Amino acid sequence: MNGLLGPDPAGTATTAVAALATIGTWAYLVGARRLFAVLQLLLAGLATGYLAVVAVHEVLLPRLVVPLAERPLDHLLLVPGGVLVAFLLASRWLPSRAVALPAAVLVGGTAAFAFGGAVLGTLLPQLAAAFPIPGSAPLDQATAVAGAVVTGLVALSFVHGLPAERRLARVALVGRWLLVAGIGGWLGFLVVSRLALVVDRIDFVLGSWLGLVP
Amino acid sequence: MTDRHSAPRPRRALLPLASVLLISAALIVPDQALSGLVRLDDPGGPAAGELRALIRSLPERPLLLVGFDPDLGTYAEIRPAVRAMLDDLFRHEARIGIVSFSPEGRALAVAEIDRLRRAGFEDDRLVDLGYRSGAEAGLIQTIELVVPDAERGLVANGIRIAGGGLDAFDMVLLVGGTDFGPRAWVEQILPRLPDLRLAAIAPTVLGPELAPYRRTRQLIALVATLRDNAAYVEMVRGGPAPPPDTSGGDRPADAAAMLVGLLVTLGILGETLLRRAAWRQPGPRS
């Protein structure tokens, strides 16, 4: 029972539609590709409609149109912002130089957020935590050293284009296998995660819809 | 779009169909029949206990922000733990604001807020802070102001009185997804508000990405595996019953069904490896 729908007739009908759509998706397993394609299109249509509603009702109207209409002088920055967006929307008909500025602002702003956050929020704190701290527990020190060694080996596996000295090549190979092991572990997490979703869907059909699960 | 070359032929559909039937059988068998044989929760794991202790350590009537950005693909995995967390918070008389930065998170937040309101939580306990566009940029904007101008009610006013921004909250609890998750909060908010306390519930697939943040205490609590999810749900349900129970009868993934599914997965993997080994052996092929 996911509890998202109430026990009223609308909730019951929605549960039935969701259960039938789930079974229709599973029909792909026995080769019913057309039904599967129809359900894919249904999902795509619903997602597109939802995104349009969110864009209009939660972004454009309350954050652009209404502020500009009610208190334009308080939101002067929205005007050049709107002009840049208009340039992007009309990029097909404008010369490329005219579109370069809003594109540069967009890419630069996104990159600045991502790069600054990655360095200040992840890289530096994680580097600091990776150094063995004198006086800390031996296990913590050993873990930190092992982490640094593994990081170094994996980093070496990414070295390309340099003259491949045999010893370095062997070390890089170890790093590559460590990387493969890491990716394998992550895929294991992924399998467990997806399996939980399958169990949840079967539980939904058998329990919430058919009432067979105790 | 479908790929007609990758679609399984009916003859080869027997295995997935048998898998679904086996998992169904494991779900239908009453839990009592398998009592003690398989458990999903990890009673000795520290992650669930840390989140529980953190919520218990909150001051009276705390003001909390829930950053609600799960995705449709993985929310089913963490849904029971998220609801247990909300139960836990309401049990501690928390005042909660819910905000989303991804469209999918917003869709799920609307559904959960509707569910909570049906369960009787009104504006004196809960405020819908809506959807903030702009991803990281929108997130940074909330440092100064997180309450929409039009929002009224006791919780909204409480946030305004406390400053109106993120530092008005005693803690931020993050419900993560693959589109927008705790990592964005750690990278964008903590460098700007280092004293803000962040805790997270995330799907298993994000576990490897987020675990280092727990080690550095940038996330002071993290529940990001199925076993920790189940342990946390058990912990909360083991306490005094919250008035009312908002879980909607939700429960973590069934342990027996998960075990059957894992065995089937291993069987498929083994069969594939054996077939590949046979293919590589020299000799005449039919």
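B:Glu50 is partly exposed, with a relative accessible area of 25%. In this predicted model, B:Glu50 has a salt-bridge partner in B:Arg214, and the closest N and O atoms of the two sit 3.2 Å apart. The pair links distant parts of the chain, with B:Glu50 in helix H2 (residues 46-56) of chain B and B:Arg214 in helix H8 (residues 207-215) of chain B, 164 residues apart. B:Arg214 comes out at 24% relative accessibility, so B:Arg214 counts as partly exposed too, given that the partly exposed class runs between 20% and 50%.

Helix H2 of chain B takes part in another such pairing, this one through B:Arg52. Here the partner is B:Asp88, and the closest N and O atoms are 3.0 Å apart. B:Asp88 belongs to helix H3 (residues 75-91) of chain B while B:Arg52 belongs to helix H2, so this salt bridge ties together parts that are 36 residues apart in sequence. Both ends are tucked away: B:Asp88 has 0% relative accessibility and counts as buried, and B:Arg52 is buried with a relative accessible area of 8%.

As for chain B as a whole, it has 10 helices and 6 strands. Of its 286 residues, 51% are buried. Looking at contacts in chain B between residues at least 6 apart in sequence, 77% join residues at least 24 apart.

Next comes the interface with chain A. There, 53 residues of chain A are in contact with 63 residues of chain B. The area buried between chain A and chain B is about 4,800 Å², and carbon and sulfur atoms give 65% of that area. On the polar side, the count between the two chains is 15 residue pairs in polar contact, with both residues at pLDDT 80 or more. Four helices of chain A each supply at least two residues of the side that touches chain B: H2 (33-70), H4 (96-130), H5 (138-156) and H6 (166-209). H6(A) gives the largest share, 16 residues. Sorted by type, the residues on this side of chain A divide into 34 nonpolar, 11 polar and 8 charged.

Salt bridges total 13 over all chains. A:Glu58 lies in helix H2 of chain A and B:Arg106 in helix H4 (residues 103-118) of chain B, so this pair joins two chains. Their side chains meet at 3.1 Å, N to O, and the count between chain A and chain B is 2 salt bridges. A:Glu58 counts as partly exposed at 22% relative accessibility, whereas B:Arg106 counts as buried at 8%. A:Glu58 and B:Arg106 are also linked with B:Asp128 in a network of salt bridges.

What about B:Arg132, which is buried yet has no salt bridge? This residue is found in the loop between strand S3 (126-131) and helix H5 (136-141) of chain B. Side chains of opposite charge can pair when their charged atoms come close. For B:Arg132, however, the nearest side chain of opposite charge is B:Asp149, 8.6 Å away. What B:Arg132 does have is a backbone oxygen, that of B:Leu145, lying 3.3 Å from a polar atom of its side chain. Leaving aside neighbours within four places in sequence, B:Arg132 is in contact with residues including A:Arg63 from chain A. The contacts of B:Arg132 within chain B include B:Val99, B:Ser100, B:Phe101, B:Gln141, B:Thr142 and B:Val146.

Definitions and conventions
Residues are numbered from 1 along each chain as its sequence is written. Chains are lettered from A and ligands numbered from 1 in the order in which they are written. This is a predicted model: local features need pLDDT of at least 70, side-chain atom pairs count only at pLDDT 80 or more; totals for chains, interfaces and linings use all residues. Side-chain values use heavy atoms; hydrogens and water are left out. Contact means heavy atoms within 4.5 Å. Buried area is the accessible area (1.4 Å probe) that two parts lose on being put together, summed over both. A salt bridge is a side-chain nitrogen of Lys or Arg within 4 Å of a carboxyl oxygen of Asp or Glu. A polar contact is a pair of N or O atoms within 3.5 Å; within protein, one must be able to donate a hydrogen and the other to accept it, and residues adjacent in sequence count only if both atoms are side-chain atoms. Ala, Val, Leu, Ile, Met, Phe, Trp, Tyr, Cys and Pro count as nonpolar, Asp, Glu, Lys and Arg as charged, and the others, Gly among them, as polar. Buried means under 20% relative accessible area, exposed over 50%, partly exposed in between (1.4 Å probe, protein chains only). Lys and Arg count as positive and Asp and Glu as negative; His and the chain ends are not counted.
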